[in-house]
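User: I'd like a close look at one part of this model, not a tour of everything. Could you take me through it in plain language?

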Amino acid sequence: MGRYERQMQLTGFGREKQEALSQARVLVVGAGGLSMPVLQYLTAMGVGTLGIIENDRVALSNLHRQVLYETRDAGKPKLYAAIAKLSAQNPDVELVPHAAFLRVENALEIIGSYDLVIDGCDNIGTRYLVNDACVMLGKPFIYGAVFQYEGQLSVCNFRGSATYRCLFPQVPGNAAVPGCNETGVLGILPGIIGSYQAAEALKVICGIGSPLANQLLCIDMLTGGQLQIRCRPDPANLQIRELAASYWQYF
């Protein structure tokens with residue numbers, strides 16, 4: 001346990017929380033900018049099993065924010081480039097590759113074998129799909145997103161808390177929310193929001209602190225300002241099978 005000695009010295013953490021971390025099974029959706037600090041820190045801190053679902057390749061335009069990759073990784077599958085580096089970082093963590101994009105056909109099967117899901121995707125449709133599958137399966141879901149100079153995050157579906165649909169009831173089309181390919185993004189911003197997501201994961205897994213359940217945290221990188229918006233769970237959003245049936249047919 002010498003690897004984890006410094007965090008185990010913390011008051012309120014210790015061996016018990018480290019053991020909880022080592023038993024946890026976490027799925028990260030995507031291996032892009034938001035996922036970089038999530039993957040690196042959860043691996044370094046000793047999460048037991050870390051699943052990664054990704055089916056894209058490394059591009060040079062990724063490298064300013066997806067700092068796990070190197071120039072020589074350009075053109076390689078992100079999934080296996082990431083796993084090679086993470087396994088070198090901590091060989092005790094079980095890294096499970098899912099070489100696919102999350103779809104209606106595979107969402108429940110993949111998510112069902114994990115305790116916690118962390119959103120690292122850049123697609124609105126995928127995010128609603130992740131939320132709906134997590135609600136069906138009773139899994140907490142840590143949401144994160146960035147847009148130009150701003151980011152936001154929340155812990156959804158945690159012990160009866162608000163879901164992603166409670167935060168954003170209206171489902172926009174993907175064209176209504178342009179991604180960084182269209183609007184740009186500073187490299188540091190996904191690192192900031194992803195680090196917050198890793199911290200929320202640690203709180204949920206280890207039962208420490210107060211997770212951002214029923215809250216949406218918004219961060220403005222240019223000013224350093226933060227805004228916390230409270231949200232109440234909508235019981236109608238727990239009837240997700242009916243909602244999902246009407247939405248997933250278009251996904």
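The part I mean is strand β6 (residues 150-156): how many of its 7 residues are buried? And what sits around that strand?

Analyst: Keep in mind that this is a predicted model. On your count, 6 of the 7 residues in β6 are buried, so the strand is mostly covered.

Start with the strand's partners. On one hand there is β5, which runs antiparallel to β6 and is joined to it by 7 bridges. On the other there is strand β7 (residues 215-220), again antiparallel, with 4 bridges to β6. Gly151 is a handy spot to look at, as it turns up in both pairings: Val146 has Gly151 as its bridge partner in β6, and Gly151 also stands opposite Ile219 in β7. In general, strands of a sheet pair through backbone hydrogen bonds, either parallel or antiparallel.

Zoom out and you'll see an open sheet of 8 strands, in the order β3-β2-β1-β4-β5-β6-β7-β8, with mixed pairing. The edges are β3 (94-98) and β8 (226-230); each has a single partner strand, so one side of each is left without a neighbour in the sheet. On average, neighbouring strands here are turned by 15° against each other, direction ignored.

Now for the ways in and out of the strand. The hairpin of β5 and β6 has 2 residues between the strands, and Gln148 in that hairpin takes a positive phi near 55°. Past β6, in the loop that leads to α7, you'll find Arg159. Arg159 also has a positive phi, about 55°, although it is not a glycine. For background, most residues other than glycine have a negative phi. Arg159 has a relative accessible area of 74%, so it counts as exposed. There's another case in the loop between α9 (188-206) and β7, where Asn214 sits. Asn214 has a positive phi near 60° and is not a glycine either. At 25% relative accessibility, Asn214 is partly exposed.

The neighbour β5 deserves a stop too, for its aromatics. The structure holds 5 aromatic pairs. In one of them, the ring centres of Tyr143 and Phe168 are 5.9 Å apart and the planes stand at 75°, so this pair is edge-to-face. Tyr143 belongs to strand β5 (residues 141-147), while Phe168 is in the loop between α7 (164-167) and α8 (180-183), so the contact ties together parts 25 residues apart in sequence. Tyr143 is buried at 2% relative accessible area, whereas Phe168, at 24%, is partly exposed. Both rings belong to a cluster linked by ring pairs, made up of Tyr128, Phe141, Tyr143, Tyr164 and Phe168.

One more element to look at is helix α6 (residues 124-137). Its 14 residues should span 20 Å at 1.5 Å a residue, and the end C-alpha atoms are indeed 20 Å apart, so the two values agree. Like your strand, α6 is mostly covered, with 13 of its 14 residues buried. Its N-terminal end is capped by Asn123, where a side-chain oxygen lies 2.9 Å from the backbone nitrogen of Gly125. Just after the helix, Gly138 takes a positive phi of about 70°.

So, back to your strand: β6 has 6 of its 7 residues buried, with antiparallel pairing to β5 and to β7.

How values were computed
Residues are numbered from 1 along each chain as its sequence is written. This is a predicted model: local features need pLDDT of at least 70, side-chain atom pairs count only at pLDDT 80 or more; totals for chains, interfaces and linings use all residues. Side-chain values use heavy atoms; hydrogens and water are left out. Rings of Phe, Tyr and Trp (its six-membered ring) pair if their centres lie within 6.5 Å; planes under 30 degrees apart count as stacked, over 60 as edge-to-face and the rest as tilted. Buried means under 20% relative accessible area, exposed over 50%, partly exposed in between (1.4 Å probe, protein chains only). The expected span of a helix is 1.5 Å times one less than its number of residues. A polar contact is a pair of N or O atoms within 3.5 Å; within protein, one must be able to donate a hydrogen and the other to accept it, and residues adjacent in sequence count only if both atoms are side-chain atoms. Two strands pair if DSSP finds at least two bridges between them. Axes are lines fitted to C-alpha atoms, for helices over the stretch in contact, and angles run from 0 to 180 degrees between N-to-C directions.
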